[in-house]
Amino acid sequence: MMNHLMLLAVLLLLRTCYTTYSQQESTVFPVTYLNITKDLALQRLLVEWDVGKPAHDAGLAMSFEIQVRRTDENTTVWTGFHNVTLGKSAKPLHWIWDSDLPLECMSHLVRIRSKAEVSKIWSQWSLWEAVLGMDTSNNSEPQIFPNEKIVEEGSDITLCCIGRKGRIIKEFFLVPAVHVFSHTNSQVGLLTVKNVSHQGVPHISVYCQESCNEEQCYAHSVFFVGKQPDTPNDFSCQTQDMRIVTCTWSKGGETYLYGHRLPKYTLFEEFSQKMVPCTVSCSEQCSCSWNIGQQRIYNITVTVENPLGKKTAMDVFDVTHRIYPAAPFQLWEECTDTEITLYWKHRNKGIELFCQTEVLQPNGKVELHNSSDTHLHYASITLGGLQPYTEYTVRVRCGAAKHFWRWSEWSEALTIRTKEATPSGKLDIWREITPVLGGRNVTLFWKQAPSFRANGKSVSYEVTWEKVEGGSKRESISFSPVHNSTRISIDNDSYRISIMAKNNVNYSLPSVMIIPRATGTEELKEEQVNGTDDGIFISWEPRHTYDSYIIEWCKVPMLQPCDLQWKRFGPNISSALINSAAFVPGVRYNFHVYGSVANRASLLEKKTGYLRELPPLLDPIVEKVELTLNAVTLSWDSYPTDESQPGFVRGYHVYVSPIQEDCLLKGSKKHVLPDDSVLCKYTIEDPEEKRYTVKHLLSNTKYKLAVKAYTGGGETPIVNFIYIDTPFNSNLMYLLVLLVIVPAVIAAICHWKMKWVKERCCPVIPSPSKSKVLSFKAFKSGSEKVLKLSDCIPDMLAVDTKAEAQKLHPWSQLPSTPTENKTDDGHNSSQICPDEKEERDFTPTPTAQTHTCFENFSYSSHLAVTFDSYQRPEMLEASTPEVSVVLYQPHYYFDIFNEDAASAPRETAGRKASLRYISQTDVHA
Amino acid sequence: MAEDAQELFAFYEKDQHLAINNLCRTNHLPEWLRGPVTGPGALRGTMTRMAQALQDIARHQRDLNPPGAEILRRLASTHLKVRGLLNNLEGLFPAPSLPPGRRHPPGPTAPTKVFQQKLEGCRILWSYARFMAKLSAQLEGRSRGGRREKRRSHRGSWLLARS
């Protein structure tokens, strides 16, 4: 039983599952019909399909999955879902797919499957339905798609070149070249340009070539890159005469499309639902005009369209609120000296206008005057408060008085001059008084003050003068407009002078000046003032008694007359910056400050100054140079310090060249020139001190000096120097004479008496080698001949026993007896002297080899003078200093002499041991 | 004019990006530009056709270029020169003129595609440049020959006079 029940349960479950499955199976509605067509103009696929009638009957909500594939690609290029609720009408379903690739390039395939919302099971896919591309057709030549497409700048474009059957596309490119993604190794070449740009060329050419060279192997095309037109800006419509309406708008930016691809404009009126019958013309602005007829309210839409898109703008308006009047014309005027009445005409008959008149004044200021038009044929406005005899430029524009829309254009401008009137204000007058014999010359000046107005074409002047007291005859002179000064002669009494301007209408008010009685002039001290970049600043002490101040100066001080200038100031002013284009640096200007009360002016202060001081043009000329041993005094008395200088001379600099590089002269400062040479600088701060003594100089020394004046503008570079030689110091001369000249004279005398001295001191000894004494047979020992006594047959032998001789010739006592030789001339020039080598050893050597030495001093004059061979060594030593001082003999001689002298006492023994005969010539050698 | 024709062609070829594979420099010249020029009448006919062709090329180019483009200026200039030559020919060698507004019989169908129009224009300008070059050489040769003949005849008469 239990088993039976289990079986029953299983069967029940199976039944339930089957029922469920059967129900689901019955809710699947596969696609029963699928048709695809292509819209080549729009490059889109139009897909049409249907499912079974039961689905329509059931009004099911269904989903469709649609897939698109291309022949050259294995994968699906696009998959999409389409949800729809089916209707009872059983109409087929439609769907559109836009292709990014031209549909001609290759075949496209579409399949669809469906699913009812109530079911979770998709139907089977339909079969692929295809639309064929041009690659499947038999072309006679390669073809490029798309052809002549207009692409919006910034978008992408894909092109293909379809070769003939069996041909491969070899080349597929654009000119001008742009970056492309291309694929050309098959019958179909593909080429994609991303973010295409205009590149400044009207169009881009496309070239395609199959792998052959005949004419039919090529295909060409172009495509255009452009922009959508801009929305018409500032679109508005208006009328001038209530008959013709004109709409205007701005043209918009460049679209890069030309000819028949240019933007096209159309105007449409919404209320009447009619195209506006007008022709659009565009230059800087686009406009379109048409006759309005009876219609008063409009809703106009302007549409601009080109192949890439279209834009619209709209204007709704009542024509009576859009009146833009024509510009007023035919202006004319009536005027007095202060008023102008202006008239004009307008074309907008029957329209009440509101007008505006612009008045351009001579100073460039513009005034606007509003007026309403009340006249039928013309309008007018009266402009008051004008200046006499002044030019004004006027023009007029108008707008609708009711529902003002905008101003008309300005009328043509009209220039009007008001009529003349009496001169207004007073002349500004001044004078210059020059005392002369018996009176004064008064030069009168006048100019038009800022407040003065001539009010006429030409202004003449009338000068009148009379004595203040005593009722003299009144005198007057008239002057033409070109004059601004005159000179009159008056006596020393007080005079009243008045000057008036006169035009064609009348005289101005007189400007009056009182010339006071002549009195002695008080000398005022002149004060120096400083110039600035903006002028020369003058200040004065304010006095409460004056009602005005006047500053006068000469424009060109060097000229005569100097072109007197003056400037008038109020009573509360006590300083002024005087500026003039005529002011130049380096010129001294003198200013006089006057105070004026009741037309009487009196001099208060004198000022003098430069706009800018310059260094002096000329250096002081040193006229006098006084030299002492250690000082030099320079003077330049004639150097001017007056107004001829281009600045106030503040002092002088005296420059002295030092011997050493550093300036060590007392009281001076070191001054380095641009070439790095150094001068000593002394400063004199008083311009009237024109003399200076430079002290502490060295005598008998050359110096260079320069004197420079300096002003507030500095000084000029040093160019010229004065050269001086300080005198020789005679005390030094005397010392020199004592130390040099006297000994020199003594030496000269000695030299002159040398012969006598020589004869006295050093008799001449003849050369033994030339003596017959040595002409004997002998043997030689070294270089010396030896006389054998055995060979010598003396004629006579004598023994000298003279004590004197023994005293004078101590060496004669030596065992070896020296031979005294006498020359033919009787001079005893021989001496017995020790060998030089032996002289150094003073120790007596009794056993020493005996030599006979003859030394001839006649060939050694200096020694002859300084050395007395007969002197004893002690005597020689004593005589040495005197010789060295007097004769300035070279030192080495002195040393030799000294050495000899020093060694002399010790030499005696040596000489005894080795007496040798040495020629004088050998001594020199 | 030959130089102007050559310059116009060179500029057009470059400006229109047609200087590739000698596309324009075809040997298949339009029949009316092949020559030879047998007389003033033939030249007048050629120039009339050329004036029309230049107008067509300018019209096509106006669709491709902004107003005032250099190519339009050059085409207009050459067109004026061709018209001027035509006027001179008319003046020197009057011929029965065509009724006003009547054009020469149309040639082969005019291309409608932009590229083909450009190419056609370029080929006409190339042919025109060659035509004008030949014409110029021909006229120069004749001029030289004429002068030589004149000199020879002058010398002959002088020799005859001497003999």
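The conversation below concerns two sheets of chain A and the contact between chain A and chain B.

Reader: What kind of model is this, and how are its parts numbered?
Author: This is a predicted model, in which local features need pLDDT of at least 70 and side-chain atom pairs count only at pLDDT 80 or more, while totals for chains, interfaces and linings use all residues. Residues are numbered from 1 along each chain as its sequence is written, chains are lettered from A and ligands numbered from 1 in the order in which they are written, and side-chain values use heavy atoms, with hydrogens and water left out.

Reader: How many residues does each chain bring to the contact?
Author: Chain A brings 20 residues and chain B brings 17 residues, where contact means heavy atoms within 4.5 Å.

Reader: What area is buried there?
Author: About 1,600 Å² is buried between chain A and chain B, and carbon and sulfur atoms give 59% of that. Buried area is the accessible area (1.4 Å probe) that two parts lose on being put together, summed over both. A:Tyr207, A:His220 and A:Tyr258 supply 31% of the area that chain A buries against chain B, more than any other three residues.

Reader: How many salt bridges does the rule find across the interface?
Author: The rule finds 0 salt bridges between chain A and chain B; one would be a side-chain nitrogen of Lys or Arg within 4 Å of a carboxyl oxygen of Asp or Glu.

Reader: Which strands of chain A supply residues to that side?
Author: β11 (169-175), β14 (204-210) and β15 (218-226) of chain A each supply at least two residues of the side that touches chain B. The largest share, 5 residues, comes from β15(A). Strands here are DSSP runs (E, at least two residues), numbered from the N terminus.

Reader: Turning to the sheets, what is the order of the one with 4 strands?
Author: The order in this open sheet of chain A is β27-β26-β29-β30, with antiparallel pairing. Two strands pair if DSSP finds at least two bridges between them.

Reader: Why is one side of β27 and of β30 left without a neighbour?
Author: β27 (366-372) and β30 (414-417) of chain A stand at the edges and each has a single partner strand, so one side of each has no neighbour in the sheet.

Reader: How many bridges join β26 and β27?
Author: Strand β26 (residues 353-360) of chain A and β27(A) pair in the antiparallel sense over 7 bridges. A:Val359 stands opposite A:Glu367 in β27(A).

Reader: And what order has the sheet of 3 strands?
Author: That open sheet of chain A runs β24-β25-β28, again with antiparallel pairing. Strand β25 (residues 340-345) of chain A pairs with β28(A) over 5 bridges, and A:Trp344 stands opposite A:Ala379 in β28(A).
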